[in-house]
Each structure stands twice: as C-alpha cells, then as structure tokens.
Amino acid sequence: KRFLRSKMIELYINGSSGRMGTTINDLVNANDEFKVTDNLTSADVVIDFSHPSSTNKIINSCLKHNIPMVIGTTGLNNDVLENIDIASKTLPIVLAANMSIGVYQLKDSLKSFIKKNKNRVNCSIEETHHLKKLDKPSGTAIEIENLIKDEDTLNLISLSKTVSHRKDDISGIHKVIFTDKDVTYTYTHKAISRDIFGNGALNCAKKVIKLQPNLYTFERIIN
C-alpha cells in the first residue's frame with residue numbers, strides 16, 4: 001500500500017513540454033490538490049502524455065519505484081500495450097485514449113442508438129486534430145469503431161474507413177454518422193479546450209493512487 005508523501009499529491013508529468021503536458025501543468029498551478037515534481041522518485045503518481053517510446057521507458061521507471069500511472073499517450077503498438085498489461089499486475093494503471101467526460105457520454109449515446117436500431121445503416125467516423133498529432137486515426141476514433149463493432153450484435157451496421165483530418169490547432173473533433181434509406185443521424189464531440197482532457201487526467205490520477213494493481217479504463221474510473 002502506498003502512502004502520500006505530503007498533503008498534496010506529487011505529480012510527475014511525462015511529456016511535460018507537449019500540448020497536454022503544458023495544459024496539465026497549468027491546471028495544477030491553479031489547483032490545491034496537486035503539485036508538479038521534476039523528481040520521479042518523489043512522485044505519488046505519473047501522468048503520461050508523450051510518445052510510445054517514452055511511454056515504454058516511464059513504465060519501467062514506475063515499476064522500479066512502485067508509482068501508479070495514468071497513460072493518455074496514443075498510437076501505442078502491441079509491444080507497448082503488452083508492457084502496460086504486464087506492469088498492471090504490479091501497479092494500478094489507467095489507460096485511456098480520451099479522458100473527456102463528453103466522449104464517455106458520446107459512447108453511451110452510440111450504445112443506445114445501436115441497441116434501438118433495427119435497420120441496416122451505413123456508418124462513417126471522422127476525426128480532426130491539430131497538425132502535430134501524428135497517429136491516424138486517433139485513439140478515440142479507434143475506440144469508437146471497436147465499440148460499434150462490439151455493440152452491433154445483429155450485424156446491421158456497415159462501417160466505412162475512418163477519415164482523419166489534421167489542421168490548425170484543433171483540440172479534437174469526433175463525428176459519427178449513421179445513414180439509412182430515410183434519415184441521417186449524426187453524433188459529434190468537439191473539444192473547445194484541452195482543459196477537459198487535462199481535468200479528466202487529474203481526476204484519474206487522484207483516484208488511481210487509491211486502487212489496487214490492475215489495468216483500468218476511463219469509464220471504470222469515473223463510475
């Protein structure tokens with residue numbers, strides 16, 4: 001069992017110079033529950049928004065020092081995912097491509113639509129992010145596609161290839177479109193600010209330090 005080293009939660013941000021790392025750092029500066037540390041060994045929890053190769057390295061460091069993790073890095077290959085799975089036998093780890101409560105609600109809406117749908121429909125997924133986001137499609141788009149496949153037990157949905165756009169400094173737009181012979185249904189999540197993801201990550205960090213070793217989804221954490 002881990003104990004906090006101080007009244008405030010000491011947070012190490014892996015990828016602190018990136019967009020999400022900067023966002024989280026700014027949120028912490030206006031927060032009285034966390035303080036950022038540059039010393040990994042003093043951290044109570046690690047939030048990782050970096051690159052898959054860096055994620056692999058920080059997992060090994062967290063294992064060495066027994067530090068819980070929140071991983072928001074996307075584009076992870078099977079080797080990194082396997083490393084995360086192995087590490088979760090020792091550490092509590094939250095792994096989520098998107099930590100927005102709005103995306104959680106979007107997924108709930110999609111589940112409800114699919115459950116009620118009795119017609120054959122075509123489905124397309126579109127995602128738009130800033131120019132420097134390298135992985136295509138986004139981790140969230142992949143999760144949405146997998147959700148649709150899992151929920152479509154009657155095989156009524158024909159999925160087309162996800163369309164990815166990279167432009168400007170867009171935080172994230174995900175659009176899911178269902179079309180049948182009579183009508184089009186469109187579900188959209190648009191992040192106006194990265195704060196929504198940063199606050200979600202901090203909420204996960206606050207909770208994961210109290211959990212037993214396991215691999216947790218964002219949905220499981222907020223529930």
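Is K206 buried, partly exposed or exposed? K206 is partly exposed, with a relative accessible area of 26%, where buried means under 20% relative accessible area, exposed means over 50% and partly exposed lies in between (1.4 Å probe, protein chains only). The views below show a predicted model, in which local features need pLDDT of at least 70 and side-chain atom pairs count only at pLDDT 80 or more, while totals for chains, interfaces and linings use all residues. Residues are numbered from 1 along each chain as its sequence is written, and side-chain values use heavy atoms, with hydrogens and water left out.

**View 1. An open sheet of six strands with parallel pairing.** The strands follow the order 2-1-3-4-5-11, where strands (E, at least two residues) and helices (H or I, at least four residues) are DSSP runs numbered from the N terminus, and two strands pair if DSSP finds at least two bridges between them. Strand 2 (34–36) and strand 11 (214–216) stand at the edges with a single partner strand each, so one side of each is left without a neighbour in the sheet. Neighbouring strands of this sheet are turned by 25° against each other on average, direction ignored; the axes behind such angles are lines fitted to C-alpha atoms, for helices over the stretch in contact, and angles run from 0 to 180 degrees between N-to-C directions. Strand 1 (residues 9–14) pairs with strand 2 in the parallel sense over three bridges, and I9 has F34 as its bridge partner in strand 2.

**View 2. Strand 3 between its partner strands, with both faces covered.** Strand 1 and strand 3 run parallel and are joined by four bridges, with D48 of strand 3 as the bridge partner of N14. Strand 3 also pairs with strand 4 in the parallel sense, over three bridges, and here D48 stands opposite I71 in strand 4. In a regular strand the side chains alternate between the two faces of the sheet. In strand 3, V45 and I47 on one side and V46 and D48 on the other are all buried.

**View 3. Two helices lying across strands of the sheet.** Helix 1 (residues 19–29) lies across strand 1, strand 2 and strand 3 (45–48), and runs at about 160° to strand 1. Helix 2 (residues 52–65) lies across strand 1, strand 3 and strand 4 (69–71), and its direction is at about 170° to strand 4.

**View 4. The largest nonpolar core, with 27 residues.** A nonpolar core is a set of buried Ala, Val, Leu, Ile, Met, Phe, Trp, Tyr and Cys residues joined through side-chain atoms within 4.5 Å. The members that touch the most others are L11, I24, I47, V70, M99 and L202. At least two residues of this core come from each of strand 1, helix 1, strand 3, helix 6 (195–208) and helix 7 (218–222), and helix 6 gives the most, with six residues. Leaving aside its neighbours within four places in sequence, I47 is in contact (heavy atoms within 4.5 Å) with L11, Y12, I13, N14, I24, V70, A201, L202 and A205. A second, separate core of 16 residues includes L40, I59, C62 and V80.

**View 5. Salt bridges, of which the structure holds 10.** A salt bridge is a side-chain nitrogen of Lys or Arg within 4 Å of a carboxyl oxygen of Asp or Glu. K206 and E33 meet in one of them through their side chains (3.4 Å, N to O). K206 lies in helix 6 and E33 in the loop between helix 1 and strand 2, so the pair ties together parts that are 173 residues apart in sequence. E33 is partly exposed, at a relative accessible area of 33%. Another salt bridge links D85 with K89, whose closest N and O atoms are 3.4 Å apart; D85 is partly exposed at 37% relative accessible area, whereas K89 counts as exposed at 57%.

**View 6. The surroundings of R166 in strand 8 (residues 163–166).** R166 is buried, with a relative accessible area of 14%. Its side chain makes a polar contact with the side chain of E127 (2.9 Å), a polar contact being a pair of N or O atoms within 3.5 Å of which, within protein, one must be able to donate a hydrogen and the other to accept it, and for which residues adjacent in sequence count only if both atoms are side-chain atoms. The backbone oxygen of K133 lies 3.1 Å from a polar atom of the R166 side chain.
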